[in-house]
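Subject: The structure we talked about

Hi there,

Here is the structure I promised to send over. Have a look at it first, and then read on for what I found in it.

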Amino acid sequence: MPQARVMSPNFGPGQQRPCLNCRKVLRGPLVTCVNCGYDVHPECSVAVMHATLCEHCYEAARVAGEAQRTSAARSLGLAC
């Protein structure tokens with residue numbers, strides 16, 4: 001009987017996980033995101049204040065920071 005399909009498959013021994021950002025096979029030098037812990041290619045990462053983030057975590061942090069700044073500005077009456 002075939003196994004059921006899952007959205008996030010487990011990668012067993014001998015199988016290589018794809019890069020979280022570009023979906024290419026992880027080979028060569030890799031960088032680990034300090035937020036999510038995934039390995040990504042160096043070109044798929046962003047270094048901020050001595051911390052390396054994958055592009056997904058960086059974008060999520062950027063959006064959250066922007067929302068926080070907008071909320072603070074509105075509470076001070078500085079934004080419309």
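A quick word on terms before the tour: helices and strands here are DSSP runs, with at least four residues for a helix and at least two for a strand, numbered from the N terminus. On that basis the protein chain has one helix and four strands. Read from the N terminus, their order is β-β-β-β-α.

Please keep in mind that this is a predicted model. The mean pLDDT of the protein chain is 82, and 79% of the residues reach at least 70. Residues 6–10 are a stretch to treat with care, as their pLDDT is below 50. Beyond near neighbours in sequence, that stretch has one contact in the model.

**Overall picture**

The protein chain has 80 residues, of which 18% count as buried. About 6600 Å² of the chain is exposed, and carbon and sulfur atoms supply 56% of that area. Among contacts with a separation of 6 or more, 9% are between residues 24 or more positions apart.

**The inside**

Which residues make up the largest nonpolar core? There are eight of them: C19, L26, C33, V40, C44, L53, C54 and C57. In soluble globular proteins, nonpolar side chains tend to be buried together.

L26, one of the core residues, is a good place to zoom in. Setting aside residues up to four places away in sequence, L26 touches Q16, R17, P18, C19, D39, V40 and H41. C19 and V40 from that list also belong to the core.

H41 deserves a look of its own. This histidine is found in the loop between β2 (39–40) and β3. Is H41 buried or exposed? H41 is buried, because its relative accessible area is 8% and the cut-off for buried is under 20%. Apart from neighbours within four places in sequence, H41 is in contact with C19, C22, K24, V25, L26, R27, P29 and L30.

**The outside**

On the surface, V48, M49 and Y58 make a nonpolar patch of about 310 Å². M49 sits in the loop that runs between β3 (45–48) and β4 (51–54). M49 counts as exposed, since its relative accessibility is 76% and exposed means over 50%.

**Salt bridges in the helix**

How many salt bridges does the structure hold? There are two, and they link E59, R62 and E66 in a network. Side chains of opposite charge can pair when their charged atoms come close.

- R62 and E59 meet through their side chains at 2.6 Å, N to O. The two are three residues apart in helix α1 (residues 55–75), so about one helical turn separates them.
- R62 also pairs with E66, and here the closest N and O atoms are 3.0 Å apart. These two are four residues apart in helix α1, so again the separation is about one helical turn.

How exposed are the three partners? R62 is partly exposed, with a relative accessible area of 35%. E59 is partly exposed as well, at 36%, and E66 counts as partly exposed at 41%.

If you open the model, H41 and its contacts and the network of E59, R62 and E66 are the two spots I would show you if we were looking together.

Best wishes

Notes:
Residues are numbered from 1 along each chain as its sequence is written. Side-chain values use heavy atoms; hydrogens and water are left out. Patches are made of residues with over 30% relative accessible area and no salt bridge: like charges are joined within 9 Å, nonpolar side chains (Val, Leu, Ile, Met, Phe, Trp, Tyr) within 5 Å. Accessible areas come from the Shrake-Rupley method with a 1.4 Å probe; for residues, only the protein chains shown count as cover. A salt bridge is a side-chain nitrogen of Lys or Arg within 4 Å of a carboxyl oxygen of Asp or Glu. Buried means under 20% relative accessible area, exposed over 50%, partly exposed in between (1.4 Å probe, protein chains only). A nonpolar core is a set of buried Ala, Val, Leu, Ile, Met, Phe, Trp, Tyr and Cys residues joined through side-chain atoms within 4.5 Å. Contact means heavy atoms within 4.5 Å. pLDDT is the predictor's confidence in each residue, from 0 to 100.
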